Amino acid sequence: MPVPPLLALRGIRKRFGAVEALADVELEIRAGEIVALMGDNGAGKSTLVKVIAGVSPADEGVVRWEGRTVRVRRPHEAHALGIATVFQDLALCDNLDVVGNLFLGRELRRAGLLDEVEMERRTRDLLGSLAIHVPDLRARVATLSGGQRQTVAISRSLVGEPRLLLLDEPTAALGVQQTSRFLDLVEMLRDRGVGVLLISQNMGDIKAVADRVAVLHLGRNNGFFDVSTASQEQIISSITGVTSPPGATRRTAHARRGER
Ligand SMILES: Nc1ncnc2c1ncn2[C@@H]1O[C@H](COP(=O)(O)OP(=O)(O)O)[C@@H](O)[C@H]1O
Ligand SMILES: [Mg+2]
């Protein structure tokens with residue numbers, strides 16, 4: 001029997017009032033694979049991430065985890081499966097330091113008191129194992145640069161050793177060198193067997209690290225590509241909606257015939 005994907009979505013639908021943010025969306029992510037989720041602004045990428053993370057559950061659809069249908073309607077249900085997320089807005093606490101952010105909501109205690117020494121030690125170990133350098137673990141994150149804040153947000157998502165990592169435009173605020181270091185980190189996690197969903201508008205980043213690309217256009221799937229064989233032009237046409245996958249084309253033609 002083939003190994004089922006880590007995560008499989010079928011028929012995901014999500015509305016915000018009159019806006020149909022996601023319609024009939026499907027997606028699969030395997031362990032040890034980087035899937036890029038691409039699409040124009042408003043295509044529904046962040047909405048899909050929030051569905052998977054249990055932050056903003058779907059109105060309809062099925063979520064399967066290693067082949068089993070699961071409920072992911074609350075963030076803790078996603079965490080329990082091993083799903084970690086870096087949201088587009090990072091969601092860091094500016095008034096806390098690096099250690100405080102990493103352990104927010106899962107603070108370590110000793111004899112009823114916060115075990116700051118142990119949390120700092122684990123933070124240092126985690127960052128070290130990921131080859132991440134943050135100059136001062138006790139600096140409030142408000143004082144850090146965009147790239148450092150990004151690093152803290154990513155490190156926080158890795159505290160529980162997730163099996164699936166959702167990254168919503170993680171490189172948007174990074175410089176060239178930081179981006180390259182970040183992509184190395186994502187590849188390292190992939191090589192350790194983590195499944196990664198990487199949202200990015202940067203074709204260069206995607207070509208460099210992703211295995212597959214899933215494109216959303218106006219809240220619908222608009223093509224799946226193998227990065228090693230698809231051309232940049234094919235992917236861009238699908239992002240801009242110039243081309244549709246075969247099924248969608250047939251439906252459109254059928255609808256047009258129906259109008260006549
Ligand atoms: N909380 C919300 N309330 C109302 N509309 C929303 C909300 N979140 C997203 N949308 C709408 O859903 C669509 C998809 O948005 P989003 O998922 O943020 O797109 P992307 O991340 O691909 O840019 C957009 O039309 C957006 O305005
Ligand atoms: Mg977004």
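In this predicted model, the side chain of K45 places an N or O atom 2.8 Å from an oxygen atom of ligand 1. T47 also approaches the ligand through its side chain, with an N or O atom 2.5 Å from a ligand oxygen. G44 contributes through its backbone instead, where an N or O atom lies 3.0 Å from an oxygen atom of ligand 1. On its own, ligand 1 has 560 Å² of accessible area, of which the protein covers 59%.

**Shell around ligand 1**

- The residues surrounding ligand 1 are F16, V19, A21, D40, N41, G42, A43, G44, K45, S46 and T47.
- Sorted by class, this shell holds five polar, four nonpolar and two charged residues.
- At least two shell residues come from each of two elements, the strand β2 (19–29) and the helix α1 (45–52).
- Helix α1 provides the largest share of the shell, with three residues.

**Annotated domain**

- An unreviewed UniProt entry lists residues 7–243 under "domain: ABC transporter".
- Within the model, this span is 33% helix and 28% strand.
- The C-alpha atoms at the two ends of residues 7–243 are 27 Å apart.

**Confidence of the model**

- The protein chain has a mean pLDDT of 88, and 94% of its residues reach a value of 70 or more.
- Residues 249–260 are a stretch over which pLDDT stays under 50.
- For residues 249–260, the model has one contact beyond four places in sequence.
- Predicted coordinates should not be read in detail where pLDDT is low.

Technical notes
Residues numbered from 1 in each chain as written. Chains lettered and ligands numbered in written order. Predicted model: local features only at pLDDT ≥ 70, side-chain atom pairs only at ≥ 80, totals over all residues. Heavy atoms only, no water. Near = heavy atom within 4 Å. Polar contact = N/O pair within 3.5 Å; in protein donor to acceptor, adjacent residues only side chain to side chain. Areas by Shrake-Rupley, 256 points an atom, 1.4 Å probe, with all protein chains shown as cover. Helix = DSSP H or I, 4+ residues; strand = E, 2+ residues; numbered from the N terminus. Nonpolar A, V, L, I, M, F, W, Y, C, P; charged D, E, K, R; others polar. UniProt positions renumbered as here; feature names shortened; annotations may be inferred. pLDDT = per-residue confidence, 0-100. Contact = heavy atoms within 4.5 Å.
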